Amino acid sequence: MRYSSFQNPRKNWSNIDILFTKEGRHEIEKLFPNVFPLVDWPELREFFDKREKVALNVKRRNHYCGVAAVLTGVLGLSILSFVPWLSNYIAHDGLTLMAIGLLATGILLGLWMRFVSSAPRTWLVNRFWAERVRQFQFQYFVSHLPQMAEAMVSEDKIQAWLAARAEAFRQLAFDASQNPVGVYEAVVADNAGKKCWLECAGPMKVTLPSRSPERDKLISYLKRLRVGYQLQYARSQNLAANIYSKKAMAAFATKAIFGLIVAFVLISLIIAVLILSKPVDPVVMSLLFGVQGLVAAMIAGVRVMEEGLAWRAEATRYIVYEAGLTLAEEKAGSISDDEIAEGLMAVEKLAYDELRGFLIAHRDPRFII
């Protein structure tokens, strides 16, 4: 699907891999009628929805506060830069106080967000659990493929499957309710990747059932809703010429900062030339100093926004993730059982590394938006 430059490719994202929407469930039920009863998991969707809503609400408020801090700070510094020039035409005492107030508000709001607010941590912990339950679902499926294949052709086995699945989910929900922050911190600190596989999901291995139409349907379903869906998501993060693209916005910020620095240097040279050329018009000089201050404020504002939104780090991470998923997709599409199993396991390791990379990148930035 093609997107315009101002169209958000992730707006109303369906989360079809966990069958989150009614439309998504209908689609999968039509494509995989024998698989659907085994993978339709209302309790898991409810768990995901609860954490996702908290994360989105906190992130939205934090984002607005961050943007407000940057804009008020930049506006205050810009007005302050023009006060000497404006003083030639109007009384400037009130304007100076307003500029100082705006600048102080921006700085204090930024400091509060950085050192006092619990919003970033609340956002990350809830995002962690929303993604962790997605991992749990896939891990549980690939750990129990033979049981799934049997349940596809036996009504009795379906009930046994649903009961076992519910018990595994209760273990996950218990961990999430008893120690949500502790589990989150343990994953962040897991440099060796030992916590990739959840114990409640089953053994950390992929045992493929005997070749059959049911097995083919299962593998097709897993590739579509785990590998294919994650590839689609990773690619949506770095679309060309799109304002919601991490890569495009990182490039824009770099160009903007470079252009502003060039403008700042040119204004400085003009000021230097005028100072050396006498007589100097104080009104012109104060105007040039004001413009110079405005450019400096804009440089600071763009740099803080770039740091807070982590465009460059996000773009790099998704490029690596996409490359890994592409390779895993090729293996999962093999006719060899060993390569299929290796590809499915590789997807889970990639998803885990991507989750950790996201948590680490946003855990302690100098400014969070």
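## Helix packing in a predicted model

H7 has 24 residues and reaches 35 Å from its first C-alpha to its last, close to the 34 Å expected at 1.5 Å a residue. That expected span is 1.5 Å times one less than the number of residues. Helices here are DSSP runs of H or I with at least four residues, numbered from the N terminus.

A word on where this comes from: the model is predicted, so local features need pLDDT of at least 70 and side-chain atom pairs count only at pLDDT 80 or more, while totals for chains, interfaces and linings use all residues. Residues are numbered from 1 along each chain as its sequence is written, and side-chain values use heavy atoms, with hydrogens and water left out.

### H7 and its partner H5

Which residues of H7 are buried? They are Ile158, Trp161, Arg165, Ala168, Phe169, Leu172 and Ala176. Buried means under 20% relative accessible area, exposed over 50%, and partly exposed in between, with a 1.4 Å probe and protein chains only. The cover over these H7 residues includes helix H2 (36–39), H3, H5, helix H6 (145–151) and helix H8 (180–188).

Take H5 from that list. The axes of H5 and H7 (residues 155–178) come within 12 Å and cross at roughly 150°. Axes are lines fitted to C-alpha atoms, for helices over the stretch in contact, and the angles run from 0 to 180 degrees between N-to-C directions. H5 and H7 are therefore roughly antiparallel to each other; the cut-offs are under 35 degrees for roughly parallel, over 145 for roughly antiparallel and 65 to 115 for roughly perpendicular, with the rest oblique. The H5–H7 crossing is right-handed, a label used when the near helix is turned clockwise from the far one by less than a right angle, with anticlockwise being left-handed.

On the H5 side, the players are Trp129, Val133, Phe136, Tyr140 and Phe141; they meet Trp161, Ala164, Arg165, Ala168, Phe169, Leu172, Asp175 and Ala176 of H7. Contact means heavy atoms within 4.5 Å. By class, this contact of H5 with H7 has 11 nonpolar, no polar and 2 charged residues. For the record, Ala, Val, Leu, Ile, Met, Phe, Trp, Tyr, Cys and Pro count as nonpolar, Asp, Glu, Lys and Arg as charged, and the others, Gly among them, as polar.

H5 also holds Gln137, which is buried at a relative accessible area of 5%. Leaving aside neighbours within four places in sequence, Gln137 touches Asp17, Ile18, Val39, Trp41 and Leu44.

### H3 against H11

H3 has a pairing of its own. Its axis and that of helix H11 (residues 282–309) come within 7 Å and cross at roughly 165°, which makes H3 roughly antiparallel to H11. This crossing of H3 and H11 is right-handed. The contact of H3 with H11 has 16 nonpolar, 7 polar and no charged residues.

### H4 and H12

Helix H4 (residues 93–115) runs to 23 residues and reaches 33 Å from its first C-alpha to its last, close to the 33 Å expected. Its buried residues are Leu95, Thr96, Ala99, Gly106, Gly110 and Met113, and their cover includes helix H3 (42–86) and helix H5 (119–143).

In helix H12 (residues 311–332), the 22 residues should span 32 Å, and the end C-alpha atoms are 31 Å apart, which agrees. Buried here are Trp311, Glu314, Ala315, Arg317, Tyr318, Tyr321, Gly324, Leu325, Ala328 and Ala332. These pack against helix H9 (213–236), helix H10 (246–276), H11 and helix H13 (337–363).

### A few single residues

Two non-glycine residues have a positive phi; here they are with their accessibility.

| Residue | Phi | Place | Relative accessibility |
|---|---|---|---|
| Asn15 | near 50° | segment before H1 | 8%, buried |
| Ala241 | near 50° | loop between H9 and H10 | 58%, exposed |

Is Arg25 buried or exposed? Arg25, in helix H1 (residues 22–31), is buried, with a relative accessible area of 19%. Aside from neighbours within four places in sequence, Arg25 is in contact with Leu19, Phe20, Phe36, Asp40 and Arg45. Arg25 and Asp93 are 68 residues apart in sequence and 64 Å apart in space, C-alpha to C-alpha.

Pro213, found in helix H9, is exposed, with a relative accessible area of 59%. Its C-alpha is separated by 9.2 Å from that of Ala149, with the two residues 64 apart along the chain.

Terms used: Helices (H or I, at least four residues) and strands (E, at least two) are DSSP runs, numbered from the N terminus.
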